[in-house]
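Trainee: I would like to learn how to read a structure like this one. Where should we begin?

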Amino acid sequence: MLATPQRSSSEADAAALQASADCASSARAGKPYVLDFAQRIGSLAFGPYIDVQVVDHCNLGCRGCLHFAPLAKPRFLDLAEFERDLGELARIPGLGSYLTSLALMGGEPLLHPRLPEIVRMTRSYLPDAPVMVASNGLLLRRMGDDFWEALSGCDVSLVLSPYPLKVDYPALVELAREHGVTASFAGDVTRSGRDKEAFFQLALDPDGAQDPVYAFNRCPFGGSYLLLGEGRLWPCQVAARSGALNAYFGTRILPQEEDSLALADIASVSDLDRFRRKAHPMCRFCDNDKLTVVEWGRSKRAPEEWLV
């Protein structure tokens, strides 16, 4: 789940790409993703999102999940490690105004029993950065006052992904607003005009035979999203979280030293910006010419949901 505030697109673009989301039901039966190069280049004019996987697992289990949640064993963010990482981020001058947002996500972040503490810790270290919790919303009505008070008191927004389920998502947005929390829906990153009825399906080459620069230039996420973890920033969810995929399917999609940036080595946002704008060795595993848009469904944990 990549949470992105909605951005406008022309009616012509939406109409042209509507067909790319009409797909059959088999695991790899999607339509090719049509990359808009103007949008791809334009996205780099904005600061990146930094995603924090509060948990690796999820209560939904989407087919082809970009964060490998259906394959992951339960893992909860370690707060001591997270606080160290936040401390490193906080010393970077101008980071708060540079970022588009820091996103507390998953998996499903509402599964973390200490989420209110994570929210407050994030805001204490990054007082000027936009911060959001990105959720599927299924557990929202079970959240206690401490959760709502943390979000409202820390000016942290809630971004919901409206999956095609029997859930009254507008009512959940209203619930958040009743608690003084700004809430919105995640944008349609597939550009299919179908919100979460359509879903990206990765096309990972386990042999790593792709040209990294070509793959990076064809990636709809390249340079726009970074992941925070283990004292480092990672260029994408594949580099950061391929361990779950490897453990489940026996693949060896492994990052190299150059595939991440140590927080301790970042002196300025310029260092971070250079890192996010270049291809990395890990890009060789992405066959982005075969990236597809598929209808949302539950994962069967089949290799073809992620691999080609």
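Mentor: Begin with exposure: a residue is buried under 20% relative accessible area, exposed over 50%, and partly exposed in between, using a 1.4 Å probe and protein chains only. E117, at 35% relative accessibility, counts as partly exposed. The model is predicted, so local features need pLDDT of at least 70 and side-chain atom pairs pLDDT 80 or more, while totals for chains, interfaces and linings use all residues. Residues are numbered from 1 along each chain as its sequence is written, and side-chain values use heavy atoms, with hydrogens and water left out.

Trainee: Which residue meets E117 in a salt bridge?

Mentor: A salt bridge is a side-chain nitrogen of Lys or Arg within 4 Å of a carboxyl oxygen of Asp or Glu. The partner of E117 is R114, at 3.0 Å from N to O. R114 is partly exposed too, with a relative accessible area of 41%.

Trainee: How many salt bridges are found in the whole structure?

Mentor: The search finds eleven. One of them joins D273 and R277 at 2.7 Å, N to O. There D273 is buried, with a relative accessible area of 17%, whereas R277 is partly exposed at 40%. Salt bridges with shared partners also link D56, R75 and R241 into one network.

Trainee: What does the salt bridge between R218 and D289 tie together?

Mentor: Helices (H or I, at least four residues) and strands (E, at least two) are DSSP runs, numbered from the N terminus. The closest N and O atoms of R218 and D289 are 3.3 Å apart. R218 lies in the loop between α8 (212–217) and β8, and D289 in the loop between α10 (269–276) and β11 (292–295), so the pair ties together parts 71 residues apart in sequence.

Trainee: How do I read the sheet?

Mentor: Strands of a sheet pair through backbone hydrogen bonds, either parallel or antiparallel. Two strands count as paired if DSSP finds at least two bridges between them. Here an open sheet of eight strands has the order β6-β5-β4-β3-β2-β8-β9-β10, with mixed pairing. Its edge strands, β6 (183–185) and β10 (261–262), each pair on one side only.

Trainee: How many bridges join β2 to β8?

Mentor: Four, between residues 49–53 of β2 and 225–229 of β8, and these strands run parallel. V52 has L228 in β8 as its bridge partner. Contact means heavy atoms within 4.5 Å. Helix α9 (residues 237–249) packs on the sheet and touches β2, β8 and β9 (232–234).

Methods: Axes are lines fitted to C-alpha atoms, for helices over the stretch in contact, and angles run from 0 to 180 degrees between N-to-C directions.
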